[in-house]
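Hi everyone, thanks for making time this morning. Let me put the sequence and the model on the screen, and then we can walk through them together.

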2 protein chains.
Amino acid sequence: MSAPKLLLVEDDTALAELVEYRFRGEGYDVRTTDDGDEALLLAAEDTPDLVLLDWMIGGTSGIEVCRRLRRNKSTAHVPIIILTARSDEDDRVRGLETGADDYVTKPFSPRELIARVGAVLRRVRPALAGETITVGDLALDPTAHRVTRRGQAIKIGPTEFRLLRHFMEHPGRVFSRGQLLDAVWGSGSDIELRTVDVHIRRLRQAIAIPGAADPVRTVRSAGYALEGV
Amino acid sequence: MSAPKLLLVEDDTALAELVEYRFRGEGYDVRTTDDGDEALLLAAEDTPDLVLLDWMIGGTSGIEVCRRLRRNKSTAHVPIIILTARSDEDDRVRGLETGADDYVTKPFSPRELIARVGAVLRRVRPALAGETITVGDLALDPTAHRVTRRGQAIKIGPTEFRLLRHFMEHPGRVFSRGQLLDAVWGSGSDIELRTVDVHIRRLRQAIAIPGAADPVRTVRSAGYALEGV
DNA sequence: GGCGCACGTCACGACAGCGTAACAAATGTC
DNA sequence: GACATTTGTTACGCTGTCGTGACGTGCGCC
């Protein structure tokens, strides 16, 4: 549920197994493939939270996988860490140009890789790294499953919690009802769009405290957003 | 249960005796072997809390023992400290890649090794370092196998003890039933998820005292957590 | 052997939380 | 201002989850 999902694309089987093992030990949910095309499929059917991408793989080259991940809407914003054997500067530039978030040259220690992954996740989605996220006077602790506003605890149901968490991971950004259904309920759920409204109301009710403005903004005919800072 | 169990794999008999002697003096339960294969057997039949592994030993090489410890489910998460004569950087990388937790180069003072072992145990499982952990008005003494609340002794069964200890090692954090089964019952035990509920109830009953709130929090559709401070 | 204890499982009941529909209110359009 | 569209709000039935008591079993101890 809250374990960050990694997609590992690596054709060195031994290395892949090692990395997979260590990350599982760290509480990650890892899926592995040695093929670029399969990677794109896997990423499409269940969007990972981060992609570890070998630079040179069979099927499609790493740079191509990177580009195509970016092109696809659901995977466009997934952070990517490139693994490469060459410490060549040209490659580094090309990798980052293609939209990779970080760059690790082989040989690396799993510990180093774990640290890098942690760093990228902390930067991109703090809640996935188990860190408390703060937006305005709201604070959400994902590991303790706790929400506070101005220091006082908020009683909140599971769905509202996930909804709020999604908002707090992208403060200020407007989400359509469909996007919220995908992100909070899961992409395969056929739920009425209007159901979102009800949960927005419940969320508003839950985080409402007297004398404070409602941080949930309605954007007419577009969706909802959390007031960022 | 209370004394941390060490497995020492070392073929320098004099050194092994010295280390063993010193650690026994510190209250550890030490078993020693000079053979890699025997080490794996010993580890399998009675999972140690930490393995001290010489890099170069007869039978199987240290790195191989390390790998095979990791591959076995019951020993997969046991911390390993590598002892090596070479301060060579390549080895260091390879050792950590294989999943060792720390690395001590010979010659070392027993005092240093004791400190490192303590540090690793504290990091991995605070209760094994023999320190009493305190959360709120609860206190748990892992060596004496005793729990007190507001100073008064609590009668508690073995499973509830391990459950409470796990909670107290991670106060405030929410664990799913599956995670609790892995952590308290051991991974690979096929126990019904709902069994956790029953033991949660028994734990609640055990630590309940009149006029005090229940420190075990139910997080609906997520799991349970111990109220942190 | 008899006893007590701790354990894992089950079944039942309670209820929180969910999704939906229906109606009220607000907002935008001409 | 009249209308259409979008959103807010409420009520309701249903499902899934949780708490709880009871039961059978295995094990060690006396």
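How many bridges join strand 11 of chain B to strand 12 of chain B? Four, and the two strands run antiparallel. Two words need their cut-offs here: strands pair if DSSP finds at least two bridges between them, and helices (H or I, at least four residues) and strands (E, at least two) are DSSP runs, numbered from the N terminus.

A quick housekeeping note: this is a predicted model, where local features need pLDDT of at least 70 and side-chain atom pairs count only at pLDDT 80 or more, while totals for chains, interfaces and linings use all residues. Residues are numbered from 1 along each chain as its sequence is written, chains are lettered from A and ligands numbered from 1 in the order in which they are written, and side-chain values use heavy atoms, with hydrogens and water left out.

Back to chain B. Strands 11 and 12 belong to an open, antiparallel sheet of three strands in the order 10-12-11. Strand 10 (174-175) and strand 11 (216-219) are its edge strands, each pairing on one side only. If you want a spot to zoom in on, B:Val219 has B:Gly223 in strand 12 as its bridge partner. Helix 8 of chain B, residues 193-207, lies across strands 11 and 12, at about 150° to strand 11. Contact, by the way, means heavy atoms within 4.5 Å, and axes are lines fitted to C-alpha atoms, for helices over the stretch in contact, with angles from 0 to 180 degrees between N-to-C directions.

Now follow helix 8 of chain B to its neighbour, helix 7 (residues 177-185). Their axes are 9 Å apart and the packing angle is about 75°. That makes helix 7 of chain B roughly perpendicular to helix 8 of chain B, a label that covers 65 to 115 degrees. On the helix 7 side you'll find B:Leu180, B:Leu181 and B:Trp185, among others, and they meet a helix 8 group including B:Val196 and B:His199. By class, this contact has five nonpolar, two polar and two charged residues. For the classes, Ala, Val, Leu, Ile, Met, Phe, Trp, Tyr, Cys and Pro count as nonpolar, Asp, Glu, Lys and Arg as charged, and the others, Gly among them, as polar.

Chain B has another open sheet to show you, with four strands in the order 6-7-8-9 and antiparallel pairing. Strand 6 (133-135) and strand 9 (152-154) of chain B each have a single partner strand, so one side of each is left without a neighbour in the sheet. From one strand to the next, the twist averages 25°. Helix 6 of chain B lies across strands 6, 7 and 8, at about 115° to strand 7.

Over in chain A, let's look at two hairpins. Strands 6 and 7 of chain A have two residues between them, and A:Gly136 in the turn has a positive phi of about 60°. Strands 7 and 8 of chain A have four residues between them, and in that turn A:His145 has a positive phi of about 60°.

On to the DNA. Which residues are closest to DNA strand D? They are A:Arg177, A:Arg201, B:Arg177, B:Arg201 and B:Thr218, out of 22 that surround the strand; near means a heavy atom within 4 Å. That surface has 13 charged, five nonpolar and four polar residues, and its largest share, six residues, comes from helix 8 of chain A. Of the strand D atoms within 4 Å of the protein, 58% are sugar or phosphate and the rest bases. For polar contacts (N or O atoms within 3.5 Å), the side chain of A:Tyr224 comes to 2.6 Å from a phosphate oxygen of strand D. A backbone N or O atom of B:Ser221 is 2.8 Å from a phosphate oxygen of that strand.

And DNA strand C? There, 24 residues surround the strand, with A:Thr159 and B:Thr195 among the closest, and sugar and phosphate make up 69% of the atoms of strand C within 4 Å of the protein. The side chain of A:His199 has an N or O atom 2.7 Å from a phosphate oxygen of strand C. A polar side-chain atom of A:Arg220, meanwhile, lies 3.1 Å from a base oxygen of strand C. Thanks, and I'm happy to rotate anything you'd like to see again.

Methods:
Polar contact = N/O pair within 3.5 Å; in protein donor to acceptor, adjacent residues only side chain to side chain. Parallel < 35°, antiparallel > 145°, perpendicular 65-115°, else oblique.
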